[in-house]
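Got your viewer open? Let's take a tour, one selection after another.

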Amino acid sequence: MAFQLISDYQPEGDQAQAIAKLAKSLAAGNPHQTLLGVTGSGKTFTMANLIARHGKPTLVMSHNKTLAAQLYSEFKNFFPHNAVEYFVSYFDYYQPEAYIPRSDTYIEKDSSINEEIERLRLSTMGSLLTREDTIVVASVSCIYGLGSPEDYENMMVPLWVGQPLARETFLNSLVGMLFERNDITFGRGKFRVRGDTVDVHPAYLDETAIRVEFLDDVVERISSIHTVTGNRIEYLEKHTFFPAKQFVTPGDKLQRAVQAIRHEADEQVAKLEQGGKLLEAQRLRMRTDYDLEMMMETGFCQGIENYSRHLTDRHAGERPHTLLDFFPKDFLLMVDESHATIPQIGGMYEGDKSRKTVLIHHGFRLPSALDNRPLRFEEFMQMTGQRLYVSATPGPFELVNSRPENRAFIAFQTKDETGKLLPARLRKIRVIPSGKSEEIEHFNPTSRGTALVVEQIIRPTGLLDPVITLRPLKGQIDETIELCRQRVERHERVLITTLTKKTAEDLSSYLQETGLKARYIHADIDTVERVEILRQLRAATVDVLVGINLLREGLDLPEVSLVCILDADKEGFLRNETSLIQSAGRAARHLHGECVLFCDHVTDSIRALLDITSDRRARQQAHNEEHGITPKSIQRALQQSLHTHEKEREQAELLTRSLSVGHQETHDPLDVISGLEKQMRLASSHLEFERAAILRDQIAALKNPPTATRGRAKPNR
């Protein structure tokens with residue numbers, strides 16, 4: 001089935017030429033290409049057009065869940081008739097297993113799984129195995145270990161009307177796929193049996209179950225039903241059942257794995273004893289024996305993923321199976337915000353290895369636990385074919401690989417004492433195995449070759465890049481306050497970036513004292529509150545937002561017309577070229593966009609920002625004049641508050657207090673909890689994970705009322 005792009009818009013600005021060039025590059029089989037698209041130029045729409053033209057299954061990677069959810073929603077709208085899937089970490093909360101030798105502290109693994117995301121992950125795996133028109137939007141969790149696609153596919157059970165099949169055989173197959181029989185409580189991953197009728201609720205479906213009716217060991221009828229009402233939705237000619245869990249192992253493999261684990265444990269225990277580590281040896285023996293007993297009796301144990309090498313029959317050091325194994329070999333990879341995502345991919349392996357090495361040395365895990373890991377960067381590159389890197393500020397890795405013969409020539413222009421531009425000096429850069437880059441030499445080549453870096457500079461709205469203004473450091477706070485007041489009078493919003501959390505908090509308080517509606521935002525603010533603060537900024541409840549590094553890529557704030565960067569000449573991670581360009585880009589969606597840099601001298605990063613912005617503004621202005629375009633600010637609807645429903649929240653808190661003092665006669669807590677759970681599942685299905693978290697906390701408060709209630713008699717039920 002071909003990809004069908006549905007949109008009311010046609011490519012505008014630079015989108016048409018970017019789509020044409022990149023589509024030609026992909027058709028030629030080039031492994032690397034880069035889309036350098038400025039903020040607000042419609043990069044997602046360009047990506048959608050390329051998917052439709054290229055016609056291959058596509059993996060779109062992003063460096064965090066929030067941006068991935070945003071991309072997922074957009075692609076869902078662009079491709080309503082195709083399989084658009086969402087694959088991110090299914091943990092609401094995750095504390096990995098760890099050991100701190102210095103204080104002799106063992107931290108047990110603790111996690112909370114989001115059932116809705118688990119459903120979406122299972123749906124992703126099923127779509128990749130059964131459909132060719134699949135688009136998967138994923139975070140870097142897609143490079144972590146997953147069950148073998150061969151095992152997953154071999155355990156699938158296809159059913160069709162008229163198929164000779166005994167009911168008992170079908171039930172055994174369901175159990176083998178880790179479905180649970182429950183004739184009373186029907187839910188995802190469960191099945192119930194009533195005579196010759198079997199109802200199965202696949203783990204990847206929400207409120208739809210599959211009813212299979214048998215007659216004389218033949219499948220007589222297959223239909224889909226509503227899980228709550230039991231009403232039939234439609235008759236089906238066939239249906240394929242997928243395993244209920246992401247990690248499945250056939251029984252024969254499990255038996256072989258148990259023997260291999262026991263053999264490895266014997267060797268490692270003997271090694272520890274020879275080294276005089278008797279406590280560690282005893283600890284490892286007790287844990288391994290317990291885990292093996294659990295696996296033999298129940299097919300599962302806590303931390304079973306640490307035995308994945310044996311369960312999937314891999315050799316020591318061999319890479320794990322990941323989501324990438326479920327794709328066909330010719331799939332297309334798109335890396336969104338590649339300047340942040342590529343380094344994140346490269347950094348996953350070493351962090352995981354460091355933590356597990358400590359566990360192994362102290363007898364908490366077998367050495368094979370190291371093989372339950374994310375992909376190394378070079379393994380990731382080997383498993384991906386054609387790649388498109390998308391960013392407003394692509395890093396050296398993208399630029400290097402998007403040039404012929406793995407080399408890049410990056411221009412740096414400077415001015416002499418009179419202000420005249422000097423000839424561009426180019427640097428040759430190459431990639432090293434870690435995915436980073438290093439400078440080889442300085443030189444001035446006569447030819448730069450043909451680049452596969454495609455620029456998307458012209459915005460469909462006609463907006464120019466923000467004006468860049470330099471102001472001295474002296475009096476930067478007073479200047480900032482005056483600039484904020486001017487913008488607030490025009491009903492516009494302001495972002496201010498500082499260098500430290502303390503500065504952000506102090507400046508926010510100081511701005512409030514001057515009468516400005518200001519807030520601060522940094523990593524210590526929890527996710528739900530962070531999203532709410534950004535919503536308040538757009539709604540004008542807050543006029544000025546002070547931050548550090550969060551006010552960069554991914555923030556879509558059309559009301560922001562001014563970005564103030566304090567201490568802009570403090571060269572470093574927070575004030576390098578990428579950071580400055582990304583921060584300035586937050587004002588690129590407003591007609592009066594401006595970025596003010598407070599500095600006493602012009603650093604190389606500031607100079608690069610000035611040169612790039614000047615060049616882009618000239619090109620954008622020329623395009624507008626040539627085509628008679630009048631720039632206009634981007635308009636976007638305001639999202640619903642996560643604290644919606646402040647009345648809801650107040651009522652829940654009031655209800656919790658009333659229940660805690662024994663006033664259950666006015667409200668049935670079970671009914672209230674049931675209602676909140678339905679709202680939580682609905683919010684989760686709409687990818688409103690922050691709102692779902694708020695409802696989850698309310699449910700927990702109702703289930704566990706304050707300790708003051710202890711000792712009070714509860715009415716009989």
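Start inside: the largest cavity has a volume of about 110 Å³. Of the 14 residues lining this largest cavity, select the ones closest to its centre: Asp465, Pro466, Ile581, Gly585 and Arg616. Before going on, know that you're looking at a predicted model, where local features need pLDDT of at least 70, side-chain atom pairs count only at pLDDT 80 or more, and totals for chains, interfaces and linings use all residues. Residues are numbered from 1 along each chain as its sequence is written, and side-chain values use heavy atoms, with hydrogens and water left out.

How is empty space found? Rolling a probe the size of a water molecule over the atoms shows where it is left. On a 1 Å grid over the protein atoms alone, a cavity is a set of points where a 1.4 Å probe fits but cannot get out, while a pocket is an open set with protein on both sides within 12 Å along at least five of seven lines; lining residues have an atom within 4 Å of a point. Grid points are joined across faces, edges and corners, and the volume is the space filled by probe spheres set on the points.

Now colour α16 (577-584) and α17 (604-627), which each supply at least two residues of the largest cavity's lining. (Helices here are DSSP runs of H or I with at least four residues, strands are runs of E with at least two, and both are numbered from the N terminus.) Which helix gives the most to that lining? α17 does, with four residues.

Stay on α16. Six of its eight residues are buried, so α16 is largely enclosed by the rest of the structure. (Buried means under 20% relative accessible area, exposed over 50%, and partly exposed in between, with a 1.4 Å probe and protein chains only.) Select Ser579, Leu580, Ile581, Gln582, Ser583 and Ala584 to see the buried ones. Their cover includes α10 (338-361), β18 (386-391) and α17.

Next, move to the second largest pocket, with a volume of about 570 Å³. Of its 22 lining residues, Ser127, Thr130, Arg131, Tyr204 and Phe242 are the closest to the centre. Show α4 (115-130) too: the largest share of this pocket's lining, seven residues, comes from α4.

Time for a single residue: select Ser139, in the loop between β8 (134-138) and α5 (149-154). Is Ser139 buried or exposed? With 8% relative accessibility, Ser139 counts as buried. Leaving out residues up to four places away in sequence, Ser139 touches Met61, Ser62, Phe87, Val88 and Ser89; contact means heavy atoms within 4.5 Å.

Last stop: charges. Side chains of opposite charge can pair when their charged atoms come close. The structure holds 34 salt bridges, each a side-chain nitrogen of Lys or Arg within 4 Å of a carboxyl oxygen of Asp or Glu. Pick Lys109 and Glu305, whose side chains meet in one of them (2.9 Å, N to O). Lys109 lies in the loop between β6 (105-107) and β7 (110-113) and Glu305 in the loop between α8 (278-298) and α9 (308-311), so the pair ties together parts 196 residues apart in sequence.

Then try Lys502 and Asp506, another salt bridge, with the closest N and O atoms 2.8 Å apart. Both lie in helix α14 (residues 501-513), four residues apart, about one turn of the helix. To finish, select Glu97, Arg287, Asp291 and Arg365, which are joined into one network by salt bridges that share partners.
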